Amino acid sequence: MKKILYTIVLAAAMALCACGDKDIIEERYLASATADVQLYSIDDNGVVAEAQTLVRGRKVKANLGKSVKIEKQRYTLIEITRKQYFYAKEQSLVSTPKEVVKEKVVWVRTPASIITDIETSLVGSLADKGGKLEVVDFDTLRADGRVNRYKVRQGKTVGYVYGKYLVFSKEEAVKRYKAEQYDKVHKAIKNPFGGGEAIGCDFYPTERVKFANNKMPKACYSLYLNISPSVIGKIEDYIDFAKKTKINTFVIDIKDNECPGYPAEAMAKYSPTNHRYAGKNKEAMYRNAVKRLHEEGFYVVGRITCFKDSHLVKDHPEVAITEKATGKPFKHNKAYWPSPYDRKVWQFNVELAKEAVRKFGFNEINFDYVRFPDRMTKVEKLIDYHNKYGESKVQAIQRFVQYACDEIHAVGAYVSIDVFGEAANPGYTTAYGQYWPAISNICDAICGMPYPDHFSNGYYGIKKPWNHPYEILKAWGERVQARQAVTPTPAVVRTWIQAYPVMRHVDRNGLRYDAEDVEKEIRGLYDAGLTGGYTTWHSGSNLTKYKAQKAAFCIDYLKEHNR
């Protein structure tokens, strides 16, 4: 069939060229108002037929002297490859790569941030679903002919939106992804605590990234390290320990609430109080720690606490969750919380993350406290979240994750998001805005925190679950699998495990969580099918404690699971 079509096209071309016109061969680029360009064949009788499509932006040889006008449309003969000829409409051939994008407007399929300054990830506005954007320019074309980022105008805002969130018609923009399959699932999710309707989130598949020089382990066996000089300042001791185990990953704090790790430039610019409390001499310590870990072959993750940041609120009270009665920042759980609705808060945390990747080479950024404050039911009506775009909590959290992933992927690192263990429960969205499928659908790794001593007595039918680490983690993991099953492009599940003794206020006779108990937690996760690995949560990062748990860290759980 291809040979016949080629013969017809070539014969027609020769016939049409026989008129005596001279060959005028010039390079041109295929252009279109969509990702593909239609090419044509023309027979001896001048009948035009669609032949094949090619992605726009491709360079071709156009014979400007061999063109024909049929029914007011001029077609030009082009050479695709040697001895392969087709016709293209005259307007589909342009002289420069910047002319290949012909669309004047695009439509928003997935709500996305309009970035007015790419270098600083500054958010100018929200491009909401179904919205129409005027195309001003674009940055680059992808291999499939789609635009990487459009420069668009929405009202008075001019900025960039990733092309993957945009389509060419309003009809396509307002559609929901496989509504017949997914909408009935998310519509059934209740909203008893004010976290928002699950159906209000977006579930279009996420294009998963892979970096040539940054490979995430199939299973991250991770130790957590805090910012203390007695911890990361003694990185050689931790490296020596880890090399005698199966540990392949370290998670290091970059910023925790009121505990900034080092004096980052982003802190100096956006939060001077964080910068001041970071100290003057820690950058060299961080640089050495990450460098040494990479030299020894470890995957290194930087942890940033997002929406619990008293220092940022002190510097910028205008971004805080506030009391309606006084207008003052609202204090919750002994801390001040920046509003997750505020895009300036998004920008600070993402710029801090990008700097850490560029400066130290972190393989991944882990965001914690990606949520609204919990236990707010009684005071919800007394506070102001400053919800500029009228979003639900689950929408705001999902959109932050999307923004953070896009901006951090652009500098070559992965993104993981911490969520409460409760987020795995079926049937409802959480009060603090974490809806598992909405987050898992976007980030690279989702990191639940199902610490056994955080479950109440009798949870999942397990008496004193903190004393039954295998049973509680397996039961929890099975619920996670159900959430993953209704997520179009689920993230890797890498779980925080309890590596500290049961808190005394929970049970004075609780377990110590030494090697045997930690191993039971991990086996519970793997037996539930969660094979992405684990990260130890022990806030002190005490090496003596880790050594007491060493036997649990010497097992290759993924290898055992795959036998």
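Is Arg292 buried or exposed? In this predicted model, Arg292 has a relative accessibility of 16% and therefore counts as buried, the cut-off for that class being under 20%. Its side chain meets that of Glu236 in a salt bridge, with N and O 2.6 Å apart. The pair links distant parts of the chain: Arg292 belongs to helix α7 (residues 282-295) and Glu236 to helix α4 (residues 235-242), 56 residues apart. Glu236 is partly exposed, at 40%. Both residues belong to a network of salt bridges that also includes Lys243, Lys291, Glu295 and Glu296.

The structure holds 40 salt bridges, and two others involve strand β16. Arg303 pairs with Asp253, the closest N and O atoms being 2.7 Å apart. Arg303 lies in strand β18 (residues 299-305) and Asp253 in strand β16 (residues 249-256), so this salt bridge ties together parts that are 50 residues apart in sequence. Arg303 is buried at 2% relative accessibility, and Asp253 is buried at 3%.

Lys255 and Asp309 form a salt bridge with an N to O distance of 2.9 Å. Because Lys255 lies in strand β16 and Asp309 in the loop between β18 and α8 (310-315), the pair ties together parts 54 residues apart in sequence. Lys255 is buried, with 0% relative accessibility, and Asp309 is buried, also with 0%.

Gln402, in helix α10 (residues 393-409), is buried at 6% relative accessibility. Its side chain reaches the backbone oxygen of Pro111 at 3.1 Å. Beyond four places in sequence, the residues that Gln402 touches include Thr110, Ala112, Ser113, Tyr165 and Ile442.

Methods
Residues numbered from 1 in each chain as written. Predicted model: local features only at pLDDT ≥ 70, side-chain atom pairs only at ≥ 80, totals over all residues. Heavy atoms only, no water. Helix = DSSP H or I, 4+ residues; strand = E, 2+ residues; numbered from the N terminus. Buried < 20%, exposed > 50% of the residue type's maximum accessible area, 1.4 Å probe, protein only. Polar contact = N/O pair within 3.5 Å; in protein donor to acceptor, adjacent residues only side chain to side chain. Contact = heavy atoms within 4.5 Å. Salt bridge = Lys/Arg side-chain N within 4 Å of Asp/Glu carboxyl O.
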